[in-house]
Amino acid sequence: MTRRLLQIILFFLILPFSGMAQEMYTLNGVITDASSNETLIGVNLIVADAKTGVVTNEYGYYSIKLPEGEHIIEISYLGFQTIQDTIQLYEDKKLDLQLFETSQNLEEVKITSRSEGIRIKKPEMSINRLSMNTIRQRPVVFGEVDVIRSLLLLPGVSNAGEGSSGFNVRGGAVDQNLILLDEATIYNSSHLFGLFSVFNPDAIKDLKLYKGGIPANYGGRISSVLDIYQKDGNSKKFKMQGGLGVISSRLLAEGPIIKEKGSFLFGGRSSYAHLFLKLTDNNNSAYFYDLNTKLTYNIDKRNKLLLSGYFGRDVFKISQNFENTYGNAILNLRWNHIFSDNIFTNLSIIYSDYYYGLNLNFVGFNWDSGITNLNLKYDLDHYISENLSLKYGIHNTYFAFNPGEIKPSSENSGINNFKLTNKYALENALFVSAEHKLAENLSAEYGLRFSSFFRLGQKEINIYEDNNPVKYNSETEIYSEAPILEFQKSSRSEILKTYMNLEPRFSVSYAIDDQQSFKASYNRITQYLHLISNTSSPTPLDVWAPSGSFIKPQILDQYAVGYFRNFRENKYSLEAEVFYKNIENRIDYLDGANLIANNAIERVVLNGESRAYGLEVLLKKNQGKFTGWLAYTLAKSEQRTPGRNSNEPGINNGNWYNSNYDKPHDLSITGSYKYSEKWTFNANFIFQTGLSTTYPNAQYEYEGVTIPVYGQRNGDRLPSYHRLDLSASFYPGHQKPKRYKSYWNFGIYNIYNRKNAYSISFRENSDTGRNEAVRLSLFGIIPSVTYNFNF
């Protein structure tokens, strides 16, 4: 009787809660562009009644677990119409969705409050995503839309000035940026020594720049990750687009191989200003060309193959005596496979190559160098619940370094063949990363990467006394190269040096409400490759070198906190971050170090450290006829190389000094005004503190020769850099719907003709005999015009 009564009581206690444990089902699918079947990256899918949402991955795939029943979903993406749909979910369901563009031209795009609320709450910071529409609205040099120059308008991103290659992030060096094109590494991101980037804007689908809070699936570079994906190609209909400019032109074609199932994309660019020189007596030339390609094939609903490639070359000639050729080449085969409704996988086999060559006919030899890597990677996206998703995988990369080879250009040149020792290495990584919604207003992204690096055997290994390649003379207080005692042979299968590192990553977001949040992040990253260069901007002569017994891997610890807010229904947004980062084993070079054709780089470098810290502010206007942003960075970047023991002073007496990339103040203001359906006007203004440099502060004469005396390393600065750019875009016949569409872009770079200093050198005036400073400037005012079309 008592037992029966207890059962009745328990029944009535449990009854009110029996309906709370709802069955959960998976909603998954792929979101594409309705006009082309192009997969869309970063689309927001929000389920308002469940107070949750998901974002599509790099291949347009999403998966989310929801309670059974009826749900209203909202799908939004920049530049596309927001749609709402009601779904009945009583079993696992696959739902592929297509979005329609808001306009074929650069019209105002409004982002819904719900999707912006999701972005505010996401545990990601120090990340900038730019759409191609946004990039096309920026004034550009030579009329060419440029990805890298658009990034330079963001806080924390700068470069070494006009005519410089690459970009610097938060006071870091160019070689500390991981640049990926369809997951393949790009080693040089510039054409014509920085005048153009290697990225054809017509072929680009999505790009994202990580300055901090870098997830565990990325590694190998310590400053930033620039992740760029090419378009897949239109699988519905054939299309062409391009542009005709004064200096360069481009053309891209895409279309179906098998309609709705497979597609192709082929694109090409080339500059041709050198052709005009042939009309004169000038025999010099400088030009570039590049090719983009991609083939996509949907095997079935769960399997997809993608083959993408890029090939680019720059050629610089001075008469018939000197020719410089350099460029990147990549090839990537990927297999997307959906194992189940909540597990998405990608297997990639990637080839990357960077080549640099010189033909020096006036001295009778040719020079070749480069770096090649082969990468095998396997990544999995695992959607465990509506509050937890995992990303994990394994990456393996094999490197072959060619520091340089000299070959005689003819039998009568008198030059002997000389080969610097090739180097080889293997880098592996295992990682796991989780995005976890801990509470309604609290979410985190955390992960761990285990990296290992094996320096493999090579033909010759230099042996030094006491295993020390750099010697110090205490009497003269000068560092110098230690003599090589002998050369040791080794096979490539031998492991010369091994490094293993754990790299934790963590980001957290606390949302005060749907409009504002605080975020914080920490990441540790190890970089095993080094660009051997003692200039503020890399040159094609610079070579890559692996870590080994004497050059240690760089290790970064970075901390950041920030405040993020949307105003007036997302019409305005504010991002403010402070960061601090410390880098171990940052190499520096001995005074007077010779880096060119040096077969023993370890004899001219010392391991030191660097640090950078600062404040970044980004204020954006997102809606209306006028859009744009103000970006300001207040930062400091320093380097120090102390002595190896108490008896050595190190470099610069072991004191901190400004790095080559230190710019305390960096201000960018950019805006776009849509005057009418036919006219859009754009402008940007840039102000930056001048780069660090070292000037002579005294001189003396020795045997009739004047010898300058220099002060503290990087203790001086070039004059401040600033310029104003303007452009206008004209859309003729915009109001007429037709297959062929076109627009004109008119631009003026550096409209007030500011002669910004590229460098300052000192010489003796031949007339007065007095010393004088000479400023070298590269660009003044540059007008441009480009005709763009698509059909």
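Over how many bridges do strand β20 and strand β21 pair, and in which sense? This and the exercises below concern a predicted model.

**Exercise 1. Strands β20, β21 and β22**

Work out how strand β21 is placed between its two partners.

Solution.
- Step 1. Take β20, residues 262-271, and β21, residues 285-298: the two strands pair over nine bridges in the antiparallel sense.
- Step 2. To fix the register on this side, find R269, whose bridge partner in β21 is D290.
- Step 3. Turn to strand β22, residues 303-318, which runs antiparallel to β21 and is joined to it by 14 bridges.
- Step 4. The register here can be read from T293, whose bridge partner in β22 is G309.
- Step 5. Follow the chain from β21 into β22: the connection is a hairpin of four residues.

In general, such pairing in a sheet is made through backbone hydrogen bonds, and may be parallel or antiparallel.

**Exercise 2. A four-stranded sheet**

Give the strand order of the open sheet that contains β5, and name its edge strands.

Solution.
- Step 1. The order is β3-β2-β5-β6, and the pairing is antiparallel.
- Step 2. β3 (52-55) and β6 (83-89) each pair on one side only, which makes them the edge strands.
- Step 3. On average, neighbouring strands of this sheet are turned by 25 degrees against each other, direction ignored.
- Step 4. For a closer look at one pair, take β5, residues 69-76, and β6: seven bridges hold them in the antiparallel sense.
- Step 5. I72 marks the register, with T86 in β6 as its bridge partner.

**Exercise 3. The surroundings of β1**

Find the partners of strand β1 and state which of them run parallel to it.

Solution.
- Step 1. Strand β1 spans residues 24-33, and eight of its 10 residues are buried.
- Step 2. With strand β4 (residues 61-67), β1 pairs in the antiparallel sense over seven bridges. Y25 stands opposite L66 of β4.
- Step 3. Strand β7 (residues 93-94) runs parallel to β1 and is joined to it by two bridges. Here L27 faces K93 as its opposite residue.
- Step 4. Strand β8 (residues 97-99) also runs parallel to β1, through three bridges. D33 has L99 as its bridge partner in β8.
- Result. β7 and β8 are parallel partners of β1, whereas β4 is an antiparallel one.

**Exercise 4. The largest cavity**

Describe the volume and lining of the largest cavity.

Solution.
- Step 1. Counting cavities of 30 Å³ or more gives 14.
- Step 2. The largest holds about 500 Å³ of space.
- Step 3. Its lining consists of 34 residues, and those nearest the centre are L180, N217, N375, K377 and H395.
- Step 4. Sort the lining by type: 11 residues are nonpolar, 13 polar and 10 charged.
- Step 5. Sort the lining by strand: those supplying at least two residues each include β12 (177-181), β17 (224-230) and β24 (343-360). β25 (365-383), β26 (388-408) and β28 (423-439) do so too.
- Step 6. β25 gives the most, with six residues.

**Exercise 5. Salt bridges with buried partners**

Which parts of the chain does the salt bridge between K377 and E183 tie together?

Solution.
- Step 1. In this salt bridge the closest N and O atoms of K377 and E183 are 3.6 Å apart.
- Step 2. K377 belongs to strand β25 and E183 to the loop between β12 and β13 (184-185), so the contact links parts 194 residues apart in sequence.
- Step 3. Apply the cut-off of under 20% relative accessible area for a buried residue. K377, at 12%, is buried, and so is E183, at 8%.
- Step 4. Repeat for D588 and R713, a salt bridge with its closest N and O atoms 3.1 Å apart. D588 is in strand β39 (residues 572-589) and R713 in the loop between β47 (705-710) and β48 (716-717), so parts 125 residues apart in sequence are tied together. D588 has 7% relative accessibility and counts as buried.
- Step 5. Repeat for R723 and D725, whose side chains meet at 2.9 Å, N to O. R723 is buried at 9%, and D725 is buried at 2%.
- Step 6. Salt bridges with shared partners also join E38, D182, K205, D232, K294, K304 and R334 into one network. The whole structure contains 37 salt bridges.

Key. Residues are numbered from 1 along each chain as its sequence is written. This is a predicted model: local features need pLDDT of at least 70, side-chain atom pairs count only at pLDDT 80 or more; totals for chains, interfaces and linings use all residues. Side-chain values use heavy atoms; hydrogens and water are left out. Two strands pair if DSSP finds at least two bridges between them. Axes are lines fitted to C-alpha atoms, for helices over the stretch in contact, and angles run from 0 to 180 degrees between N-to-C directions. On a 1 Å grid over the protein atoms alone, a cavity is a set of points where a 1.4 Å probe fits but cannot get out, and a pocket is an open set with protein on both sides within 12 Å along at least five of seven lines; lining residues have an atom within 4 Å of a point. Grid points are joined across faces, edges and corners, and a volume is the space filled by probe spheres set on the points. Ala, Val, Leu, Ile, Met, Phe, Trp, Tyr, Cys and Pro count as nonpolar, Asp, Glu, Lys and Arg as charged, and the others, Gly among them, as polar. A salt bridge is a side-chain nitrogen of Lys or Arg within 4 Å of a carboxyl oxygen of Asp or Glu. Buried means under 20% relative accessible area, exposed over 50%, partly exposed in between (1.4 Å probe, protein chains only).
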